[in-house]
Amino acid sequence: YLKGEAYFEVERDTCKPFIVEANSLEIQVLGTEFGVRAYGDEECVRTTLKKGKVSVESEGCGVILTPNMQASFDKKTLQMDVREVNVDLFLGWKDGRLIFDNCSLETLMEVISRWYDKKIMFEDEDIKTIRFTGDLDRYGSIIPILKAIQRVTHLEMDVEGEAIIIRRE
(Lines give C-alpha, C1' and ligand atoms only; values in the text may rest on other atoms or scores of the structure.)
Protein backbone atom coordinates (compact mmCIF):
# COMPACT_ATOMS: atom_id res chain seq x y z
CA TYR A 1 0.00 0.00 0.00
CA LEU A 2 1.48 3.32 -1.05
CA LYS A 3 0.75 6.89 -0.08
CA GLY A 4 3.42 9.23 -1.45
CA GLU A 5 6.03 8.40 -4.06
CA ALA A 6 8.18 5.30 -4.55
CA TYR A 7 10.41 3.59 -7.10
CA PHE A 8 10.46 -0.18 -7.53
CA GLU A 9 12.83 -2.65 -9.20
CA VAL A 10 11.09 -6.03 -9.22
CA GLU A 11 11.87 -9.34 -10.88
CA ARG A 12 8.94 -11.33 -12.16
CA ASP A 13 7.79 -14.22 -9.99
CA THR A 14 4.80 -16.12 -11.38
CA CYS A 15 4.18 -17.82 -8.02
CA LYS A 16 4.03 -14.61 -5.97
CA PRO A 17 2.66 -11.56 -7.78
CA PHE A 18 3.93 -8.16 -6.64
CA ILE A 19 1.07 -5.68 -6.41
CA VAL A 20 1.16 -2.02 -5.37
CA GLU A 21 -2.10 -0.46 -4.19
CA ALA A 22 -2.19 3.34 -4.36
CA ASN A 23 -5.55 4.89 -3.51
CA SER A 24 -8.00 2.95 -5.68
CA LEU A 25 -5.35 1.98 -8.23
CA GLU A 26 -3.80 -1.50 -8.41
CA ILE A 27 -0.45 -1.93 -10.16
CA GLN A 28 0.68 -5.49 -10.83
CA VAL A 29 4.31 -6.04 -11.68
CA LEU A 30 5.27 -8.16 -14.64
CA GLY A 31 9.08 -7.83 -14.12
CA THR A 32 10.04 -4.19 -14.20
CA GLU A 33 11.37 -0.85 -13.00
CA PHE A 34 8.73 1.78 -12.38
CA GLY A 35 7.66 4.69 -10.19
CA VAL A 36 4.33 5.50 -8.56
CA ARG A 37 3.25 8.95 -7.38
CA ALA A 38 0.18 8.79 -5.14
CA TYR A 39 0.00 11.80 -2.83
CA GLY A 40 -3.32 12.24 -1.07
CA ASP A 41 -3.60 15.93 -2.01
CA GLU A 42 -3.08 15.40 -5.76
CA GLU A 43 -5.89 14.71 -8.24
CA CYS A 44 -4.05 11.92 -10.09
CA VAL A 45 -2.11 8.78 -9.29
CA ARG A 46 0.73 8.39 -11.80
CA THR A 47 2.54 5.19 -12.72
CA THR A 48 5.65 5.73 -14.86
CA LEU A 49 7.36 2.71 -16.43
CA LYS A 50 11.10 2.72 -17.06
CA LYS A 51 11.68 -0.93 -17.96
CA GLY A 52 9.61 -4.11 -18.35
CA LYS A 53 5.81 -4.18 -18.03
CA VAL A 54 3.17 -3.34 -15.44
CA SER A 55 -0.57 -3.76 -15.43
CA VAL A 56 -2.44 -0.75 -14.02
CA GLU A 57 -6.10 -1.23 -13.06
CA SER A 58 -8.89 0.59 -11.28
CA GLU A 59 -12.67 0.69 -11.36
CA GLY A 60 -12.86 -1.77 -14.27
CA CYS A 61 -10.44 0.18 -16.43
CA GLY A 62 -6.96 -1.18 -17.04
CA VAL A 63 -3.88 -0.88 -19.22
CA ILE A 64 -0.55 -2.62 -19.65
CA LEU A 65 2.31 -0.15 -19.79
CA THR A 66 5.45 -0.59 -21.87
CA PRO A 67 8.71 1.36 -21.31
CA ASN A 68 8.53 5.17 -21.37
CA MET A 69 4.76 5.13 -20.82
CA GLN A 70 2.80 6.73 -17.99
CA ALA A 71 -0.72 6.02 -16.76
CA SER A 72 -2.45 8.90 -14.97
CA PHE A 73 -5.55 7.89 -13.05
CA ASP A 74 -7.86 10.77 -12.11
CA LYS A 75 -9.28 9.97 -8.66
CA LYS A 76 -12.37 12.14 -9.18
CA THR A 77 -13.45 11.18 -12.68
CA LEU A 78 -12.07 7.60 -12.46
CA GLN A 79 -10.56 8.07 -15.92
CA MET A 80 -7.18 6.69 -16.99
CA ASP A 81 -4.95 8.55 -19.44
CA VAL A 82 -1.90 6.83 -20.98
CA ARG A 83 0.90 8.69 -22.74
CA GLU A 84 4.56 8.42 -23.70
CA VAL A 85 6.85 10.45 -21.41
CA ASN A 86 10.48 11.27 -20.71
CA VAL A 87 10.86 9.03 -17.65
CA ASP A 88 13.69 11.17 -16.26
CA LEU A 89 11.20 13.98 -15.64
CA PHE A 90 9.21 11.68 -13.34
CA LEU A 91 11.88 9.35 -11.93
CA GLY A 92 15.00 11.53 -11.78
CA TRP A 93 14.43 12.06 -8.04
CA LYS A 94 15.56 8.49 -7.34
CA ASP A 95 19.01 9.42 -8.70
CA GLY A 96 19.15 12.65 -6.70
CA ARG A 97 17.93 14.94 -9.50
CA LEU A 98 14.94 17.24 -9.71
CA ILE A 99 14.23 17.60 -13.43
CA PHE A 100 11.62 19.97 -14.84
CA ASP A 101 10.53 20.80 -18.38
CA ASN A 102 8.44 23.93 -18.87
CA CYS A 103 6.57 23.53 -15.57
CA SER A 104 5.06 26.38 -13.60
CA LEU A 105 6.96 27.87 -10.69
CA GLU A 106 4.05 26.80 -8.49
CA THR A 107 4.52 23.13 -9.52
CA LEU A 108 8.30 23.36 -9.07
CA MET A 109 7.90 24.83 -5.59
CA GLU A 110 5.36 22.15 -4.60
CA VAL A 111 8.04 19.52 -5.29
CA ILE A 112 10.68 21.48 -3.36
CA SER A 113 8.20 21.97 -0.51
CA ARG A 114 7.75 18.19 -0.20
CA TRP A 115 11.44 17.33 -0.41
CA TYR A 116 12.67 20.02 1.96
CA ASP A 117 9.63 20.26 4.27
CA LYS A 118 9.14 23.98 3.67
CA LYS A 119 5.96 26.00 3.30
CA ILE A 120 5.90 28.10 0.12
CA MET A 121 4.46 31.62 0.17
CA PHE A 122 4.06 33.69 -3.01
CA GLU A 123 3.67 37.45 -2.49
CA ASP A 124 2.06 37.82 -5.96
CA GLU A 125 -0.27 35.19 -7.43
CA ASP A 126 0.84 35.91 -11.01
CA ILE A 127 4.43 34.74 -10.39
CA LYS A 128 3.13 31.19 -9.81
CA THR A 129 2.70 30.86 -13.59
CA ILE A 130 6.32 31.63 -14.51
CA ARG A 131 7.65 28.64 -16.51
CA PHE A 132 10.79 26.75 -15.50
CA THR A 133 13.05 24.18 -17.17
CA GLY A 134 16.05 22.79 -15.30
CA ASP A 135 17.96 19.92 -13.73
CA LEU A 136 18.82 20.44 -10.06
CA ASP A 137 20.77 18.46 -7.48
CA ARG A 138 18.14 17.06 -5.10
CA TYR A 139 20.32 16.04 -2.15
CA GLY A 140 22.25 19.26 -1.75
CA SER A 141 21.28 22.17 0.44
CA ILE A 142 18.12 24.04 -0.50
CA ILE A 143 20.04 27.35 -0.81
CA PRO A 144 21.87 26.53 -4.11
CA ILE A 145 18.59 25.31 -5.57
CA LEU A 146 16.84 28.56 -4.67
CA LYS A 147 19.76 30.62 -6.03
CA ALA A 148 19.60 28.74 -9.35
CA ILE A 149 15.87 29.41 -9.62
CA GLN A 150 16.41 33.07 -8.69
CA ARG A 151 19.00 33.48 -11.48
CA VAL A 152 16.60 32.42 -14.21
CA THR A 153 13.37 33.90 -12.82
CA HIS A 154 14.76 37.17 -11.39
CA LEU A 155 12.71 36.66 -8.23
CA GLU A 156 13.75 36.93 -4.58
CA MET A 157 13.50 33.76 -2.52
CA ASP A 158 14.07 34.10 1.20
CA VAL A 159 14.08 31.24 3.69
CA GLU A 160 12.44 32.36 6.92
CA GLY A 161 12.25 29.49 9.38
CA GLU A 162 10.10 26.77 7.81
CA ALA A 163 8.87 29.02 4.99
CA ILE A 164 10.20 30.17 1.63
CA ILE A 165 8.92 33.63 0.69
CA ILE A 166 8.91 34.34 -3.06
CA ARG A 167 8.60 37.91 -4.31
CA ARG A 168 9.61 40.12 -7.20
CA GLU A 169 13.05 41.78 -6.98
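Author: A residue is called buried when its relative accessible area is under 20%, exposed when that value is over 50%, and partly exposed in between. Please keep in mind throughout that the structure above is a predicted model.

Reader: Why is Ser104 called buried, partly exposed or exposed?

Author: Ser104 has a relative accessibility of 11%, and a value under 20% is what the word buried requires, so Ser104 counts as buried. This residue is found in strand 8, which covers residues 97-104. Leaving aside its neighbours within four places in sequence, Ser104 is in contact with Lys128, Thr129, Ile130 and Arg131.

Reader: What makes Glu21 and Leu30 buried, partly exposed or exposed?

Author: Glu21, in strand 2 (residues 19-22), has a relative accessible area of 30%, while Leu30, in strand 3 (residues 25-38), stands at 22%. The class called partly exposed lies between the 20% and 50% cut-offs, so Glu21 is partly exposed and Leu30 counts as partly exposed too.

Reader: Which residues do Glu21 and Leu30 touch, once neighbours within four places in sequence are left aside?

Author: With those neighbours left aside, Glu21 is in contact with Tyr1, Leu2 and Glu26, and Leu30 is in contact with Arg12, Lys53, Val54 and Ser55. Distances between C-alpha atoms add to this picture: Glu21 and Lys3 are 18 residues apart in sequence and 8.9 Å apart in space, whereas Leu30 and Thr133, which are 103 residues apart along the chain, are separated by 33 Å.

Reader: What can be said about phi in Asn23 and Asp117, and where do these residues sit?

Author: Phi of Asn23 is near 55°, a positive value in a residue other than glycine, and Asn23 has its place in the loop between strand 2 and strand 3. Phi of Asp117 is also positive and near 55°; Asp117 follows helix 2 and lies in the loop between helix 2 and strand 9 (119-122).

Reader: How do you know whether Asn23 and Asp117 are buried, partly exposed or exposed?

Author: The relative accessibility of Asn23 is 40%, which falls between the two cut-offs of 20% and 50%, so Asn23 counts as partly exposed. For Asp117 the value is 58%, and because anything over 50% is called exposed, Asp117 counts as exposed.

Reader: What makes the buried residues of helix 2 line one face?

Author: Helix 2 has 12 residues and reaches 16 Å from its first C-alpha to its last, close to the 16 Å expected at 1.5 Å a residue. Its buried residues are Leu105, Leu108, Met109, Val111, Ile112 and Tyr116. Seen down the axis of helix 2, these residues fall within an arc of 155°, so they line one face of the helix.

Reader: How do you know where around helix 3 its buried residues lie?

Author: In helix 3, the residues Ile142, Ile145, Leu146, Ala148, Ile149 and Thr153 are buried. They cover an arc of only 160° around the axis, which puts them on the same side of helix 3. The buried residues of helix 3 pack against helix 2, strand 10 (131-137), strand 11 (155-160) and strand 12 (163-168).

Reader: Why is helix 2 described as roughly parallel or roughly antiparallel to helix 3?

Author: The axes of helix 2 (residues 105-116) and helix 3 (residues 142-153) come within 12 Å and cross at roughly 175°. Angles over 145 degrees count as roughly antiparallel, and therefore helix 2 is roughly antiparallel to helix 3.

Reader: Which residues meet where helix 2 and helix 3 are in contact, and to which class do they belong?

Author: From helix 2, the residues Leu105, Leu108, Met109, Ile112 and Tyr116 meet Ile142, Ile145, Leu146 and Ile149 of helix 3. By class, this contact has nine nonpolar residues, with no polar and no charged residues.

Reader: What does the protein chain contain as a whole, and what share of its residues is buried?

Author: There are three helices and 12 strands in the protein chain, and buried residues make up 44% of its 169 residues. The C-alpha atoms fill a box of roughly 60 × 30 × 30 Å, taken along the principal axes. Among contacts between residues at least 6 apart in sequence, 47% join residues at least 24 apart.

Technical notes. Residues are numbered from 1 along each chain as its sequence is written. This is a predicted model: local features need pLDDT of at least 70, side-chain atom pairs count only at pLDDT 80 or more; totals for chains, interfaces and linings use all residues. Side-chain values use heavy atoms; hydrogens and water are left out. Axes are lines fitted to C-alpha atoms, for helices over the stretch in contact, and angles run from 0 to 180 degrees between N-to-C directions. Helices (H or I, at least four residues) and strands (E, at least two) are DSSP runs, numbered from the N terminus. Angles under 35 degrees count as roughly parallel, over 145 as roughly antiparallel, 65 to 115 as roughly perpendicular and the rest as oblique. Contact means heavy atoms within 4.5 Å. Ala, Val, Leu, Ile, Met, Phe, Trp, Tyr, Cys and Pro count as nonpolar, Asp, Glu, Lys and Arg as charged, and the others, Gly among them, as polar. The expected span of a helix is 1.5 Å times one less than its number of residues. Buried means under 20% relative accessible area, exposed over 50%, partly exposed in between (1.4 Å probe, protein chains only). The arc is that of the directions from the helix axis to the C-beta atoms.
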